[in-house]
Amino acid sequence: MLSQVYHSGFKPFNQRLLPWVQSTAVSRSHRVQPPAVRHVRPWSNIPFITVPLSRAHGKSFAHRSELKHAKRIVVKLGSAVVTRGDECGLALGRLASIVEQVSVLQNQGREMMLVTSGAVAFGKQRLRHEILLSQSVRQALHSGQNQLKEMAIPVLEARACAAAGQSGLMALYEAMFTQYSICAAQILVTNLDFHDEQKRRNLNGTLHELLRMNIVPIVNTNDAVVPPAEPNSDLQGVISVKDNDSLAARLAVEMKTDLLIVLSDVEGLFDSPPGSDDAKLIDIFYPGDQQSVTFGTKSRVGMGGMEAKVKAALWALQGGTSVVIANGTHPKVSGHVITDIVEGKKVGTFFSEVKPAGPTVEQQGEMARSGGRMLATLEPEQRAEIIHHLADLLTDQRDEILLANKKDMEEAEGRLAAPLLKRLSLSTSKLNSLAIGLRQIAASSQDSVGRVLRRTRVAKNLELEQVTVPIGVLLVIFESRPDCLPQVAALAIASGNGLLLKGGKEASHSNRILHLLTQEALSIHGVKEAVQLVNTREEVEDLCRLDKMIDLIIPRGSSQLVRDIQKAAKGIPVMGHSEGICHMYVDAEASVDKVTRLVRDSKCEYPAACNALETLLIHRDLLRTPLFDQIIDMLRVEQVKIHAGPKFASYLTFSPSEVKSLRTEYGDLELCIEVVDSVQEAIDHIHKYGSSHTDVIVTENEKTAEFFLQHVDSACVFWNASTRFSDGYRFGLGAEVGISTSRIHARGPVGLEGLLTTKWLLRGQDHVVSDFSEHGTLKYLHENLPVPQRNTN
């Protein structure tokens with residue numbers, strides 16, 4: 001669609017945004033039924049997803065999570081995205097990645113359109129090359145020698161560059177899209193194509209026909225005939241096409257697009273100029289928030305700045321199109337920025353007309369930080385009083401808690417597996433046990449924060465102390481376990497940490513009332529905001545990116561949840577274990593009376609727990625003995641499915657199903673049995689196939705037991721005791737935030753001590769390092785001083 005251009009150079013709008021014209025407010029029937037989904041080329045590294053591409057017409061999406069339903073999408077590529085850093089030539093790597101992402105979404109059944117810059121930069125590269133070549137030839141002919149003097153490049157006119165670069169840019173796009181069996185078509189537009197009714201209908205018809213034929217339209221302003229910039233001339237309720245930002249917004253509304261993605265060289269919209277000390281990325285921007293934002297200068301290339309992008313985005317939002325402004329140049333994210341946005345991930349700034357009822361998760365993080373710092377300054381007796389009050393509330397408000405839990409159980413019936421339903425369930429006995437555990441935590445918290453661990457006299461009148469302090473802000477993510485909330489909250493309170501809690505939606509009613517009771521207890525000393533429950537639509541992966549607000553992530557749930565969080569966490573430590581593959585080795589000198597009791601309790605008492613037995617190692621000498629028969633008979637009575645390890649299967653004529661992997665956490669009434677020849681072989685097996693969680697030896701030989709205890713490298717190693725003892729409550733910690741198999745900071749059941757770190761306090765009197773030099777007047781003493789005794793009452 002070629003025509004003359006009346007106006008181009010884009011300046012910030014000065015007029016007030018007015019209601020968009022009635023002709024754009026038509027039904028968006030194209031969203032209702034998506035075409036058949038086509039498969040993606042096998043070489044694509046972008047994950048393939050299938051989603052229902054439909055929603056109510058006429059309104060923009062209210063939440064990021066709804067963006068996956070977008071069917072018609074416009075992607076606007078800013079000049080800074082398309083061009084190289086020297087502004088001469090194209091960023092081919094970024095363009096190839098963008099084309100791949102657009103192709104993947106197109107092959108999912110979506111209708112993709114590109115609004116692209118780059119013709120001027122591409123043309124500038126070509127014209128400079130031609131000029132240099134021409135000058136070098138003339139100079140060589142004139143001088144008669146091959147030595148070339150430094151040549152000056154004349155200032156190149158932008159319209160000429162656009163004319164020279166437009167065909168080459170389109171050829172490049174065509175070549176890239178061909179790799180994904182997708183056809184692309186070029187459309188050059190001007191203001192007249194939108195303001196002239198006939199041209200507007202022609203343009204609209206052309207675009208719809210291209211989309212119908214599964215062709216990706218690549219749209220750009222016709223910069224080859226652009227006139228000088230004119231004053232702002234927006235029509236009433238209509239946005240003029242002045243650069244590619246306004247073009248993308250106008251195109252999105254005209255084509256009744258679901259989503260407009262604007263890619264630039266900044267992460268999104270900031271509450272102050274990017275790069276300033278206090279600048280924070282705005283996750284969601286609402287109409288009317290312009291007054292709270294300070295706009296910086298425009299990008300290094302291109303016609304418009306961030307203010308222009310925001311006004312174009314708000315106009316598109318007013319027309320029913322959702323908008324995201326994000327960074328398309330960052331090497332770590334540009335390879336998946338478009339698909340991440342469509343999948344609803346927290347990327348860039350999302351424009352929404354619907355404000356959430358409560359605080360954002362970023363605001364909750366700040367409240368937890370400030371509340372945690374206030375909590376840490378309380379006296380130990382005050383923190384203990386809060387925990388005691390919470391324990392009382394668990395029993396006093398028992399009926400309300402159980403009623404809320406009943407709602408969760410009814411809603412989860414038929415949707416959750418039996419082990420998860422058991423975790424979800426609360427009872428009077430569970431609440432009583434919780435209250436007892438909380439009182440244990442209160443008793444142990446008396447000297448937790450600020451306890452002196454080491455005192456050193458560095459020099460005369462220069463003393464150093466190492467004291468315990470809270471870690472900061474904890475993010476605890478838990479599934480199907482509402483009893484986890486008061487446990488973790490009590491440990492955070494005792495250790496003076498701020499806390500963000502993200503529970504599973506299956507326990508939403510239970511979590512809500514337990515959190516309200518926790519805040520009621522915190523209120524007695526004015527620190528209500530120290531514990532926050534995240535109830536927004538935040539994805540776990542997005543929470544794991546809040547590295548400036550969260551100091552430690554503790555996942556409580558399935559091994560898959562832990563693995564996902566460990567993978568998603570960027571720059572935030574994760575405390576936990578991905579698997580609980582617990583072993584029990586039955587030695588040749590094991591007691592017949594003890595073995596069956598220990599195996600039954602470890603495997604059958606609660607098979608879904610992470611500390612349940614998963615692999616039973618039996619000494620070869622015990623095969624075909626009464627002890628072995630008793631173990632098998634007991635497992636059969638308990639209806640435990642047995643999987644035979646390779647060596648165990650070789651001893652049997654008719655063996656149970658052979659294990660698929662010796663590194664399996666069943667989480668159910670299933671057990672792997674394997675045969676070993678010695679305690680050393682048992683240890684080697686545990687180190688090779690275990691998860692460093694909890695491992696047990698059953699034997700009457702003390703020397704063998706001590707060898708096992710000293711050589712097994714796991715968080716918990718037991719002798720003649722059930723694996724189920726690996727628990728903070730049973731260890732006397734009051735409760736635990738989880739069991740850690742990491743080797744740094746905390747290991748095993750993590751209670752109060754595991755939520756503390758240390759800091760150093762140095763008290764001097766005008767001490768300077770130069771006084772301790774070779775010719776100085778002072779000498780280091782480094783004397784150990786007595787540490788105040790810890791109160792263990």
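**Exercise 1. A network of salt bridges**

Find which residues are linked with Arg455 and Arg457 in a network of salt bridges.

*Solution.* Start with the definition: a salt bridge is a side-chain nitrogen of Lys or Arg within 4 Å of a carboxyl oxygen of Asp or Glu. The network links Arg455, Arg457, Glu463, Glu465, Arg763 and Glu783. Next, pick out one pair: the side chains of Glu463 and Arg457 meet at 3.8 Å, N to O. Now check their surroundings, where buried means under 20% relative accessible area, exposed over 50%, and partly exposed in between (1.4 Å probe, protein chains only). Glu463 is partly exposed at 29%, and Arg457 is partly exposed at 26%. Finally, step back to the whole structure, which holds 35 salt bridges.

Before you go on, two notes on the model. This is a predicted model, in which local features need pLDDT of at least 70 and side-chain atom pairs count only at pLDDT 80 or more, while totals for chains, interfaces and linings use all residues. Residues are numbered from 1 along each chain as its sequence is written, and side-chain values use heavy atoms, with hydrogens and water left out.

**Exercise 2. A pair within a helix**

Work out how Asp633 and Arg636 are placed in helix H20.

*Solution.* Helices (H or I, at least four residues) and strands (E, at least two) are DSSP runs, numbered from the N terminus. H20 covers residues 626-637, and because Asp633 and Arg636 are three residues apart in this helix, about one helical turn separates them. A general rule helps here: an α-helix has 3.6 residues a turn, so residues three or four places apart point the same way. The two side chains form a salt bridge, with the closest N and O atoms 3.0 Å apart. As for accessibility, Asp633 is partly exposed at 41%, whereas Arg636 is exposed at 56%.

**Exercise 3. A covered strand**

Describe the surroundings of strand E1 and its links to E2.

*Solution.* First look at burial: six of the six residues of E1 are buried. On one side these are Arg72, Val74 and Lys76, and on the other Ile73, Val75 and Leu77. Then look for partners, remembering that two strands pair if DSSP finds at least two bridges between them. E1 pairs with E2 in the parallel sense over six bridges, and Ile73 has Met112 in E2 as its bridge partner. E1 also pairs in the parallel sense with strand E5 (residues 259-264), over five bridges; here Val74 stands opposite Leu260. Last comes a salt bridge: Arg72 and Glu111 have their closest N and O atoms 2.7 Å apart. This pair links distant parts of the chain, with Arg72 in E1 (residues 72-77) and Glu111 in E2 (residues 111-116), 39 residues apart. Both Arg72 and Glu111 are buried.

**Exercise 4. An open sheet**

Give the order of the six strands in the open sheet and say which stand at the edges.

*Solution.* The order is E17-E18-E16-E15-E19-E20, with parallel pairing. Strand E17 (641-644) and strand E20 (716-719) stand at the edges; each has a single partner strand, so one side of each is left without a neighbour in the sheet. Now zoom in on one edge: four bridges join E17 to strand E18 (residues 670-676), and Ile642 stands opposite Leu671 in E18.
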